[in-house]
Amino acid sequence: MLAVFRKEMVETLRDRRTLLSAVVLPALTMPLVVLAVPLLIDRQQRALRDQPVRVAVAGGEIRELVEAGVRDGVFAPVTAAAPVLALQRGEVDAVLAPQPAVPGQPQLVAVLYDGTRPASRAAIEKITRVAAALAQRDLEAALRAGGASAGTVIRILVDPRDVAPAARAGGALLATALPFFLAVWLLLGGQYAALDVGIGERERGTLEGLLAAPPSRSALVAGKFLAVLVPALLALLVMLASAMLAIRLGGRSLIPGAVRVGLPLGSIPWLLLAGTALGGFLSAAQLTLSLAARTLREAQQAFTALYLLVAVPVILEPLLVGSLDAPRTALVPVLNAVWTIRRVLLAESQPWEAALTAASLAAATAVVLVGATRLLEAEIRRIR
């Protein structure tokens with residue numbers, strides 16, 4: 001047994017591709033994850049901490065609190081005709097809504113925020129801090145004056161209230177996991193088809209006969225690409241259908257409170273558009289890697305590298321919220337699809353963003369398929 005083990009290990013370690021997947025890829029990707037993730041988290045937290053809170057006032061005057069926040073560099077007042085609507089659109093981070101005054105009691109100020117937005121959640125702490133600093137100054141002044149009643153010492157109390165719609169809160173929960181599983185199943189759905197129509201045909205000896213057939217190289221690549229894309233899209237459809245069924249059967253009872261997990265029918269076309277575009281790009285990449293491989297083992301190892309390259313933007317995208325803008329992000333393959341899917345689930349996506357993402361992925365897919373065509377042409381030259 002030990003002799004067999006030693007022999008097999010020697011053969012395994014001679015294979016550079018094994019060393020690449022077992023040593024080199026982990027050695028390169030783990031420092032990226034270990035260093036980049038904390039860096040991005042810290043960057044996001046510092047940005048949320050340092051940027052002023054965009055506040056709007058609704059239903060009354062609380063000039064003293066607003067002026068204190070502006071004086072401390074915490075508030076950036078925004079004038080909005082419909083403050084709550086502006087909050088839901090992301091145009092402001094919080095809305096200060098003074099409640100009816102009660103004689104002898106502190107002024108209660110409802111702080112409306114959107115719990116699905118990091119900047120809006122961070123605004124609660126900042127507004128509370130400003131109110132606490134104002135109360136401390138009042139208390140110090142009252143002590144110097146010889147005391148006062150509670151209603152004059154603490155004149156303002158803040159009451160945070162999450163006004164995120166139930167559907168949006170549910171969409172935020174789905175956005176934490178759905179993009180990842182969508183990318184995973186697009187990869188797994190087309191994986192075996194890509195292995196079969198690429199390296200599989202080479203190992204069976206049928207690729208040479210296929211290259212001698214009348215169809216052009218581009219037609220052969222297109223046919224193989226569709227053979228990989230169809231099962232990938234089937235996996236996408238099954239995943240979305242099963243998710244909708246699960247939500248319909250138990251989504252409303254899974255999470256108590258003002259959260260409604262669901263996939264509105266209006267979001268399905270955009271999810272399918274982004275998913276189809278991403279599936280096309282990933283299918284083209286899998287096909288090209290399969291055609292480029294010399295053995296099935298080499299193709300599988302190349303697929304592992306592809307999975308890691310896809311996983312990185314899926315993991316990092318939530319940490320880049322706030323630093324991604326529509327025109328540039330929509331042009332980065334994989335990241336653009338994850339970004340678009342998340343925005344669709346949060347009801348933030350604009351039709352032109354999804355269209356730009358799909359067009360960008362289609363262009364990237366075409367470039368990859370050109371590479372696959374070149375591989376077939378090289379194979380013909382090798383045979384001759």
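At 16% relative accessibility, Glu 298 counts as buried in this predicted model. Its salt-bridge partner is Arg 294, with N and O 3.3 Å apart. Arg 294, in contrast, is exposed, its relative accessible area being 59%. The pair therefore joins a buried acidic residue to an exposed basic one.

The protein chain comprises 384 residues, of which 42% count as buried. Its secondary structure consists of 15 helices and five strands. Among contacts with a separation of 6 or more, 74% are made by residues 24 or more positions apart. The accessible surface amounts to about 20200 Å², and carbon and sulfur atoms contribute 66% of that area.

Strand β3 spans residues 94–98 and pairs with β4 in the antiparallel sense, over five bridges. Within this pairing, Val 95 has Leu 112 as its bridge partner in β4, and Ala 97 stands opposite Ala 110. β3 also pairs with strand β1 (residues 53–57), here in the parallel sense and over three bridges. Val 57 stands opposite Leu 96 of β3. Five of the five residues of β3 are buried. Cover is found on both faces of the strand: Ala 94, Leu 96 and Pro 98 are buried on one side, and Val 95 and Ala 97 on the other.

Strand β4, residues 107–113, is likewise mostly covered, with five of its seven residues buried. Besides its antiparallel pairing with β3, β4 pairs with strand β5 (residues 156–162) in the parallel sense over seven bridges. Leu 112 takes part in both pairings: its bridge partner is Val 95 in β3 and Arg 161 in β5.

The salt bridges number nine. One of them links Asp 93 to Arg 54, with the closest N and O atoms 2.8 Å apart. Asp 93 belongs to the loop between α4 (83–89) and β3, whereas Arg 54 lies in strand β1, so the salt bridge ties together parts that are 39 residues apart in sequence. The two partners differ in exposure: Asp 93 is buried, at 5% relative accessible area, while Arg 54 is partly exposed, at 31%. The strands β1 and β3 are themselves paired. A further salt bridge is formed by Arg 117 and Asp 114, whose closest N and O atoms are 3.2 Å apart. In this case both residues are buried.

Lys 126, in helix α5 (residues 118–144), is a buried residue without a salt bridge. The nearest side chain of opposite charge is that of Asp 93, at 6.9 Å. A salt bridge requires a side-chain nitrogen within 4 Å of a carboxyl oxygen, so a separation of 6.9 Å does not qualify. Asp 93 is instead engaged with Arg 54, as described above. The side chain of Lys 126 does reach the backbone oxygen of Gln 51, at a distance of 2.6 Å. Apart from neighbours within four places in sequence, Lys 126 is in contact with Leu 48, Arg 49, Asp 50, Gln 51, Val 53 and Val 74. Gln 51 thus appears both as a contact of Lys 126 and as the residue whose backbone oxygen is reached by the lysine side chain.

Methods. Residues are numbered from 1 along each chain as its sequence is written. This is a predicted model: local features need pLDDT of at least 70, side-chain atom pairs count only at pLDDT 80 or more; totals for chains, interfaces and linings use all residues. Side-chain values use heavy atoms; hydrogens and water are left out. Helices (H or I, at least four residues) and strands (E, at least two) are DSSP runs, numbered from the N terminus. Buried means under 20% relative accessible area, exposed over 50%, partly exposed in between (1.4 Å probe, protein chains only). Contact means heavy atoms within 4.5 Å. Accessible areas come from the Shrake-Rupley method with a 1.4 Å probe; for residues, only the protein chains shown count as cover. Two strands pair if DSSP finds at least two bridges between them. Lys and Arg count as positive and Asp and Glu as negative; His and the chain ends are not counted. A polar contact is a pair of N or O atoms within 3.5 Å; within protein, one must be able to donate a hydrogen and the other to accept it, and residues adjacent in sequence count only if both atoms are side-chain atoms.
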